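Let's take a walk through this structure together, one piece at a time. Keep the picture open as you read.

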Amino acid sequence: MKNNYVVIMAGGIGSRFWPMSTSRNPKQFHDVLGIGKSLLQMTVERYLPICEEQNIFIVTNDSYKDLVKEQLPNFLDDQILLEPSRKNTAPCIAYAAYKIHQRNPQAKMIVAPSDHLIVKEFEFRETITTALKAAEEYGQLVTIGIKPDRPDTGYGYIQFEAGEDTVRKVKTFTEKPSLDIAQRFLDSGDFYWNSGMFIWSSATIIEAFEKYLPEIGKLFSDIQADFYTTKEEESINRIYPLCKNISIDYGIMENAEKVSVILADLGWSDLGTWGSLYTHIQHDDYKNAIVGKNVLTYDANDNMIKVPDDKLVVIQGLNDFIIVENNNTLLICKKRDEQKIKQFVTDIKSKKGNDFI
């Protein structure tokens with residue numbers, strides 16, 4: 001267990017969760033389920049049976065440092081890796097990998113987003129244990145595949161080789177296909193959703209950076225001696241603008257040879273949209289999912305409603321809507337049109353400035 005490390009990526013804005021998720025206070029820092037814990041806090045707790053707390057690292061934008069420290073007061077500054085700019089997942093994973101490897105060359109790493117929901121905790125721990133074994137014994141780059149239950153166009157898909165093994169060799173990655181292609185993937189049975197969770201040894205992923213993204217690898221290799229010193233922040237701020245903006249999927253996973261997927265059923269959701277949250281909140285008798293203590297509904301069905309506890313809200317005659325209030329902002333949007341929320345945010349930025357996003 002002492003060689004197990006967890007890297008939690010917590011730097012995103014989550015614009016599809018607007019208006020709750022904003023650039024100043026994104027969704028990973030919110031109690032979206034109404035249970036008294038933020039998504040980030042839930043993610044940290046999920047890994048405590050697998051990894052010592054001091055071996056958990058949070059990678060986030062430097063503007064969220066205070067939010068992280070407020071929610072995780074036991075974490076040391078060295079456990080909070082601050083990105084001066086957003087460069088997608090490859091640079092942030094490189095930062096964590098080279099830093100962890102500097103202290104422990106035997107490290108095994110689990111990389112996870114901060115905004116996922118996993119209901120089946122026992123199955124999750126069994127899956128991660130299997131992945132860590134594959135990463136250590138066979139030098140694999142491992143990802144977790146989630147069995148799809150619908151042709152969702154918002155997820156990436158992993159095609160895997162046929163067989164009976166839990167750990168399968170990956171054949172292809174496909175990012176966010178059209179609805180027709182997603183339906184074909186679902187019908188074929190040999191495609192799973194890409195969960196965005198990765199497991200590998202620090203040595204294996206560093207080797208992959210040096211082979212497939214050598215310019216990023218060299219930038220972090222050159223400053224490795226500065227990690228855990230007073231020079232680290234200055235060095236990161238210097239090299240980050242030079243990093244290519246690229247995801248770990250495009251940069252490494254789609255090109256590497258030893259890539260495996262573990263097929264899993266974890267009760268998983270990436271909670272990327274209000275619709276995904278709707279499916280994970282208890283419904284009332286009229287199939288309304290309500291987060292808020294003072295909501296009254298009349299002739300209203302199938303709605304996703306999230307409002308402050310101290311706000312009295314009365315809703316009449318709305319069916320299949322998203323209704324969200326946060327920080328003097330109100331969103332009323334048809335559930336089937338939730339993909340338009342990202343465009344709403346873009347339009348608000350251009351027409352109203354940054355005050356509301």
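Both faces of strand β6 are covered: L141, T143 and G145 sit on one side, V142, I144 and I146 on the other, and all of them are buried. A word before we go further: what you're looking at is a predicted model. In a regular strand, side chains alternate between the two faces of the sheet. With six of its six residues buried, β6, which spans residues 141-146, is largely enclosed by the rest of the structure, and that is why it makes a good place to begin.

So which strands does β6 pair with? One partner is β10, which runs parallel to β6 and is joined to it by six bridges. If you find I144, you'll see I262 of β10 standing opposite. Another partner is β9 (residues 191-201), which runs antiparallel to β6 and is held by four bridges. Here V142 is the residue to look for, with I199 of β9 opposite. Strands of a sheet pair through backbone hydrogen bonds, and they can do that in either a parallel or an antiparallel way.

Now move along the chain to another group of strands. Four of them form an open sheet in the order β12-β14-β16-β17, with mixed pairing. At the edges you'll find β12 (289-291) and β17 (329-334), each pairing on one side only. Leaving direction aside, neighbouring strands in this sheet are turned against each other by 5 degrees on average. Inside the sheet, β14 (residues 304-306) and β16 (residues 321-326) run parallel and share three bridges. I305 faces I323 of β16 across that pairing.

Stay with β16 a little longer, as it also takes part in a salt bridge. The side chain of E325 meets that of K311 at 2.7 Å, N to O. E325 belongs to strand β16, while K311 sits in the loop between β14 and β15 (313-316), 14 residues apart. How accessible is each partner? E325 has 18% relative accessibility and counts as buried, and K311 is partly exposed at 32%.

That pair is not alone: the structure holds 13 salt bridges. Side chains of opposite charge can pair when their charged atoms come close. Take K108 and E136, whose side chains meet at 3.5 Å, N to O. K108 lies in strand β4 (residues 108-113) and E136 in helix α4 (residues 121-138), so this pair ties together parts that are 28 residues apart in sequence. The two ends sit in contrasting surroundings: K108 is buried, with a relative accessible area of 13%, whereas E136 is exposed, at 53%.

Another salt bridge reaches further along the chain. D265 and K120 meet through their side chains at 3.0 Å, N to O. D265 is in the loop between β10 (259-264) and β11 (268-269), K120 is in the loop between β5 (117-118) and α4, and the two are 145 residues apart. Both ends are partly exposed, D265 with a relative accessible area of 49% and K120 with 30%. And if you'd like a group rather than a pair, look for D78, K99 and E232, which are linked in a network of salt bridges.

Next up are two helices. Helix α3 (residues 89-103) and helix α7 (residues 214-222) have axes that come within 10 Å and cross at roughly 35 degrees. The crossing is right-handed. On the α3 side the contact is made by A90, P91, A94, Y95 and Y98, and on the α7 side by I216, G217, F220 and S221. Sort these contact residues by character and you get seven nonpolar, two polar and no charged.

Finally, a few backbone details. Most residues other than glycine have a negative phi, and most peptide bonds are trans. W18 and P19, however, are joined by a cis peptide bond, with omega of about 10 degrees. P19 is in the loop between β1 (4-9) and α1 (39-47). Y228 has a positive phi, near 65 degrees, in a residue other than glycine, and it lies in the loop between α7 and α8 (232-239). D299 isn't a glycine either, yet its phi is positive, at about 50 degrees. You'll find D299 in the loop between β13 (295-298) and β14, where it is exposed, with a relative accessible area of 61%.

Definitions and conventions:
Residues are numbered from 1 along each chain as its sequence is written. This is a predicted model: local features need pLDDT of at least 70, side-chain atom pairs count only at pLDDT 80 or more; totals for chains, interfaces and linings use all residues. Side-chain values use heavy atoms; hydrogens and water are left out. Two strands pair if DSSP finds at least two bridges between them. Axes are lines fitted to C-alpha atoms, for helices over the stretch in contact, and angles run from 0 to 180 degrees between N-to-C directions. A crossing is left-handed if the near helix is turned anticlockwise from the far one by less than a right angle, and right-handed if clockwise. Contact means heavy atoms within 4.5 Å. Ala, Val, Leu, Ile, Met, Phe, Trp, Tyr, Cys and Pro count as nonpolar, Asp, Glu, Lys and Arg as charged, and the others, Gly among them, as polar. A salt bridge is a side-chain nitrogen of Lys or Arg within 4 Å of a carboxyl oxygen of Asp or Glu. Buried means under 20% relative accessible area, exposed over 50%, partly exposed in between (1.4 Å probe, protein chains only).
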